[in-house]
Structures are given as structure tokens and as C-alpha cells.
Amino acid sequence: MDFMLEEELIDLMTFCLQNPESPEVKEKKDRITEIGKELFDDGGIDALENFFFVLKNRITEEIKKDPTPFRSLWNGLSEKWNY
């Protein structure tokens with residue numbers, strides 16, 4: 001399951017970074033938020049940190065864009081996650 005969620009997050013974030021004006025961005029960001037909740041429910045703050053580390057490295061290497069602004073989509077899941 002984790003691998004599938006990782007790939008989906010990479011696809012979603014990559015799309016949003018490459019197409020910031022697309023009308024689909026809101027829907028994709030909503031899905032990123034949903035996946036974050038699933039990850040948090042399954043593994044807590046550690047799961048979010050681990051996933052985002054991998055996502056940032058892959059996206060930065062593949063498309064040379066920084067996905068860090070998407071971290072804030074997971075705000076509110078925990079007091080410890082506040083970006």
C-alpha cells in the first residue's frame with residue numbers, strides 16, 4: 001500500500017508543480033490532503049516525515065522543483081506537524 005500511495009503522491013505533486021494554473025490543482029491538492037490523513041492514521045507523524053522525505057528527494061531529482069509547499073496541506077493532523 002505504501003508504494004502505491006508514494007507513487008500517487010508523486011504524480012499528484014508533480015502535476016501541481018508543473019501545472020499550477022490548471023483547474024485540476026484544487027482536486028489534486030484535496031487528494032494529497034486525504035492521503036496525508038491516511039498516512040497519519042496508519043503511522044503517525046513518523047509516517048508523514050518519512051514519506052515527505054522520499055517525495056521531496058524524488059520530485060526534486062526528477063523535475064527539479066521543490067514540493068516543500070505541499071507540506072502545509074497536512075497541517076492540522078497533529079500539533080507536531082505545522083508548516
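Which residue forms a salt bridge with Asp41? In this predicted model, the partner is Lys37, and the closest N and O atoms of the pair are 3.0 Å apart.

## A salt bridge within helix H2

Both Asp41 and Lys37 belong to helix H2, where a separation of 4 residues places them about one turn of the helix apart. Asp41 is exposed, with a relative accessible area of 54%, whereas Lys37 has a value of 44% and is partly exposed. Asp41 is classed as exposed because its value lies over the 50% cut-off.

## Salt bridges between separate parts of the chain

The whole structure contains 11 salt bridges. One of them joins the side chains of Glu8 and Arg31, with an N to O distance of 2.8 Å. This pair connects distant parts of the chain, since Glu8 is in helix H1 (residues 2-18) and Arg31 is in helix H2 (residues 25-63), 23 residues apart. Glu8 is partly exposed at 27% relative accessibility, and Arg31 is also partly exposed, with a relative accessible area of 23%.

A further salt bridge is formed by the side chains of Asp66 and Lys56, at 3.9 Å from N to O. Asp66 lies in the segment after H2 and Lys56 lies in helix H2, so this pair ties together parts that are 10 residues apart in sequence. Asp66 is partly exposed, with a relative accessible area of 39%; Lys56, at 33% relative accessibility, is partly exposed as well. In addition, Glu6, Glu7, Arg58 and Glu62 are joined into one network by salt bridges that share partners.

## The bend in helix H2

How many degrees does H2 bend at Gly43? The bend at Gly43 is about 130°. The end-to-end distance of H2 may be set beside that of a straight helix: 39 residues at 1.5 Å a residue would span 57 Å, but the end C-alpha atoms of H2 are only 17 Å apart.

Just after H2, Lys64 adopts a positive phi of about 60°. Asp66, the salt-bridge partner of Lys56, is likewise found in the segment after H2.

## The nonpolar core

In soluble globular proteins, nonpolar side chains tend to be buried together. In this model, the largest nonpolar core has 20 residues, and those with the most contacts inside it are Leu9, Met13, Ile32, Leu39, Leu55 and Trp74. H1 and H2 are the elements that give two or more residues to this core. The largest contribution comes from H2, with 10 residues.

Which residues does Met13 contact, leaving aside its neighbours within four places in sequence? Met13 is in contact with Ile32, Phe52, Leu55, Ile59, Pro67 and Phe70. Two of these partners, Ile32 and Leu55, are listed with Met13 among the residues with the most contacts inside the core.

## A buried lysine

Is Lys28 buried or exposed? Lys28, found in helix H2, is buried, with a relative accessible area of 18%. Lys28 counts as buried because this value falls under the 20% cut-off. Not counting residues up to four places away in sequence, Lys28 touches Leu12, Phe15 and Cys16. The setting of Lys28 contrasts with that of Lys37, another lysine of H2, which is partly exposed at 44%.

Key: Residues numbered from 1 in each chain as written. Predicted model: local features only at pLDDT ≥ 70, side-chain atom pairs only at ≥ 80, totals over all residues. Heavy atoms only, no water. Salt bridge = Lys/Arg side-chain N within 4 Å of Asp/Glu carboxyl O. Buried < 20%, exposed > 50% of the residue type's maximum accessible area, 1.4 Å probe, protein only. Core = buried A, V, L, I, M, F, W, Y, C linked by side-chain atoms within 4.5 Å. Contact = heavy atoms within 4.5 Å. Expected span 1.5 Å × (residues − 1). Bend = angle between axes of the 7 residues up to and from the residue.
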